[in-house]
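Welcome, and please load the model in your viewer with the cartoon and the side chains switched on. We will go from one selection to the next and look at what is there.

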Amino acid sequence: MSRVDARDKVRGAALYGSDQVPDGLAHAAFATATIDRGQITEVDTTRASEVPGVRLVLTHIDELRPAGFVMGGGFAVQSFQPLTTDRIAYKGQPIALVVADDPVTATYAASLIGATYVTEPFAVSLDDPGATAVVQEEAIPLPFLKDIKFGDADAAIAGSDVRVEQTYDHPPQNPAPMELLASVVEWRGDTLVVHEGTQNAAAVRNGLAQQLGLDASKIEVISPYLGGAFGQKNSLQNHTGPLAVAARRLGRPVKLVLTRPQTFHSGSFRPQSRHRIKVGADRGGRLTAIVHEADQQTSRHDLFPATFTEVSSRLYGVPAFRGRQRLVQTDVQTPGYMRAPFEHPAAWAVESAVDEISYQLGMDPLELKLANDATHDPVTGLPFSSRHVSECLRRGAEMFGWSRRPARPGSWLDPDGAQIGWGVAIGAYPASMTPAVARVTANADGTFQIDVDGHEMGQGIRSAIALLAAELLEADPALIRVGVGDTRVATQHLTAGSWGTASALPAVRAAVLELRPQLGGTLPVTVTASNGLPEAMVERARTGLVTLAGPVYDSFVTFSYVAHFVEVRVEKGTRRIRVPRVVSVADCGAVASPVTAASQVRGAVTWGLGAALREHLEVDSRYGGFVNATLEEYPVSVNADIGQIDVDFIDKPDYQLNPVGVKGLGEVSMVGVAGAVSNAVFHATGRRIRKLPITLADLL
Ligand code: MOS
């Protein structure tokens, strides 16, 4: 019983949001804008309305109030609400919602909707004319978004024996979860019930309450499983409000599944970013300072903030650091959080530059990393509650066989003519916690029900919860039922930022420990306990707003860590890059669920390889929007791309962070993979590629 919901998932018994089929279900489809920016002058719905089976066509919804931007006291990453304005802010923006008796009719009718526009000039990437840059700490004066600075980094670099000053370009990318953005919305009396794959049922509930002018107690959001989310499903989506209005007007439940291209154009994505990195070192191999200046794309209407330097300032024990983050406004839907949103690009850039320094020094990159580990948090001066990055490096090097690596780049040839290269990089990710409340019931039949804040998006949170409870109760995990992702059983605050397990498990532990002494008495018995975060945070979570603690706590700082070792082979002639072998060792505190944890790391490494070698959301500077908005043309890693991925864990509990000793794992596991690939490509070929993805064209 190492994966408690695996059997349901493989049998199709696990029902996802859009699997629900309430009686009388009607089906919706969007018509979308064909321009990138401007004003709608007319939407022609005549032909669509005449199609037999069409029940409703909405082009403008008056009764929908703004949901607000999730990072500014609101509930949505896409705070711009289509169908409430004549403005077009990005290509692919919905301009009409068609509801019909069946999905084919709805889709066909939507295709008959025509519109006329007044177009305006637009920018879709960092370098387009009209893209406007703002300094983040001035535009959004919040303490956690301030530029991180300590010591005099520029002077230290100027005075260093060796230095690297380079620019690293990261493309926009899309999380492309297998489960599309989709909802089934039904009114049961005056209660609105939303079935939707979401990481944040509380925001969907409270955001819809605000949009529709309802009391949140009149809305339930049910999201037992997600087919991947990766940040794209972390808030109220902009299709859900219109769907609720349509369902109310029709008096029927309504289902909408966005198409894959629509999901690419409506969902949040990893924005384009550019990283100017400076690193200095002395001849002995001590890093003297790091400078990280980053530009990140945002939308015209929202400032999606960046926290690249939270991690780039803490990869090493440097005495000086200067960060500067700018946001560049472009005419796209608002970008958002996508697995290791800032940590992956930041670590790729810094780990590339540090690798470059190692060659200038003639020093093994592994030795350089070990010589520059941090003994305390360089930003705050506080101790780390745990930091086992050197152990990750040593164990990974041993597993990988790093000592057999020839030092000289471009010197290692396979008998088939391929160039072989080995690269190493580290990653870090903040260990945050959010309020969670668990309710545990012991039933007379020997089963247990555990309801808690959390969402299951494939990471295995039910397994982690059931395994902990089973151990503490000395019970068979098969007797434990776990309720997550459902506002009827718990608040369901946002599950993201790799804080899910570290937040839910301490609450479950507290409740189970309180329950245990009562097991000899009359059953059923129920107890409720929180994970100990302040009551004010629990209250804020109930309002659907984001609240979190860490990674800087009162007396310590906590991050998760990982080390990746990658082998690449660059084929002769074609210059195709293959990755036959990866070794990854993670420090995530205690490993709560060994089987799902190892899967998390393998998935993250697979994604890291895709980010390094495949994924590039192509923008069209002529017409706007994204060109390759399908899974055919937006290539993600598939089985054929994946070689051997060996995973290990340090597995040392961090009891300062919480009594279960768990930190986060899902995102840190991806951080550094792209750096290790870039560094391996350099070791194989002697060519330093400072953009992603690295393609064979870069090596011809
Ligand atoms: Mo994650 S990108 O914090 O949902």
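Start by selecting residues 594-613, which form helix α16. This helix lies across β22, β23 and β24, and runs at about 130 degrees to β24. Some ground rules help here: helices (H or I, at least four residues) and strands (E, at least two) are DSSP runs, numbered from the N terminus. Axes are lines fitted to C-alpha atoms, for helices over the stretch in contact, and angles run from 0 to 180 degrees between N-to-C directions.

You are looking at a predicted model, in which local features need pLDDT of at least 70 and side-chain atom pairs count only at pLDDT 80 or more, while totals for chains, interfaces and linings use all residues. Residues are numbered from 1 along each chain as its sequence is written, and side-chain values use heavy atoms, with hydrogens and water left out.

**The sheet under α16**

Next, add residues 673-685, helix α17. Helix α17 packs on the sheet and touches β17, β22 and β23 (contact means heavy atoms within 4.5 Å), and its direction makes about 160 degrees with that of β17.

Now show the strands themselves. The open sheet has 4 strands in the order β17-β22-β23-β24, with mixed pairing; two strands pair if DSSP finds at least two bridges between them. At the edges are β17 (419-430) and β24 (644-649), each of which pairs on one side only. From one strand to the next, the twist averages 15 degrees.

Zoom in on β22 (residues 559-570) and β23 (residues 577-587), an antiparallel pair with 9 bridges. Which residue of β23 stands opposite Glu-567? Select Arg-581 and you have the partner.

**The seven-stranded sheet**

Move on to another open sheet, this one of 7 strands in the order β3-β5-β1-β13-β10-β11-β12, again with mixed pairing. The edge positions belong to β3 (54-58) and β12 (219-222); each has a single partner strand, so one side of each is left without a neighbour in the sheet. Here the twist averages 20 degrees from one strand to the next.

Inside this sheet, select β10 (residues 182-188) and β13 (residues 254-257), which run antiparallel and are joined by 4 bridges. Ser-183 stands opposite Leu-256 in β13.

Two helices to add:

- Helix α3 (residues 103-111) packs on the sheet, touching β1 (26-32), β3 and β5 (94-100), with its direction at about 20 degrees to that of β1.
- Helix α6 touches β11 (191-196) and β12 as it packs on the sheet, and its direction makes about 145 degrees with that of β12.

**From α6 to α7**

Keep α6 (residues 201-212) selected and add α7 (residues 240-250): their axes come within 10 Å and cross at roughly 60 degrees. The two helices are therefore oblique to each other; angles under 35 degrees count as roughly parallel, over 145 as roughly antiparallel, 65 to 115 as roughly perpendicular and the rest as oblique. For the side chains, pick Leu-208, Gln-211 and Leu-212 of α6, and Thr-240, Gly-241, Ala-244, Val-245 and Arg-248 of α7, which make the contact. By class, this contact has 4 nonpolar, 3 polar and 1 charged residues, where Ala, Val, Leu, Ile, Met, Phe, Trp, Tyr, Cys and Pro count as nonpolar, Asp, Glu, Lys and Arg as charged, and the others, Gly among them, as polar.

**α13, α14 and a long-range link**

Select α13 and α14 (residues 500-515), which pack at an angle of about 25 degrees with their axes 10 Å apart. That makes α13 roughly parallel to α14. The residues in this contact divide into 13 nonpolar, 2 polar and 1 charged.

Where does Arg-462 find a salt-bridge partner? Its side chain meets that of Asp-5 (3.6 Å, N to O); a salt bridge is a side-chain nitrogen of Lys or Arg within 4 Å of a carboxyl oxygen of Asp or Glu. Arg-462 lies in helix α13 (residues 461-473) and Asp-5 in the segment before α1 (6-11), so the pair ties together parts that are 457 residues apart in sequence. The structure holds 42 salt bridges.

**Last stops: backbone details**

- Pro-524, in the loop between α14 and β21 (525-530), follows a cis peptide bond from Leu-523 with omega near 5 degrees.
- Pro-693, in the loop between α17 and α18 (696-699), is joined to Leu-692 by a cis peptide bond with omega about -10 degrees.
- Ser-498, in the loop between β20 (480-483) and α14, has a positive phi of about 55 degrees although it is not a glycine.
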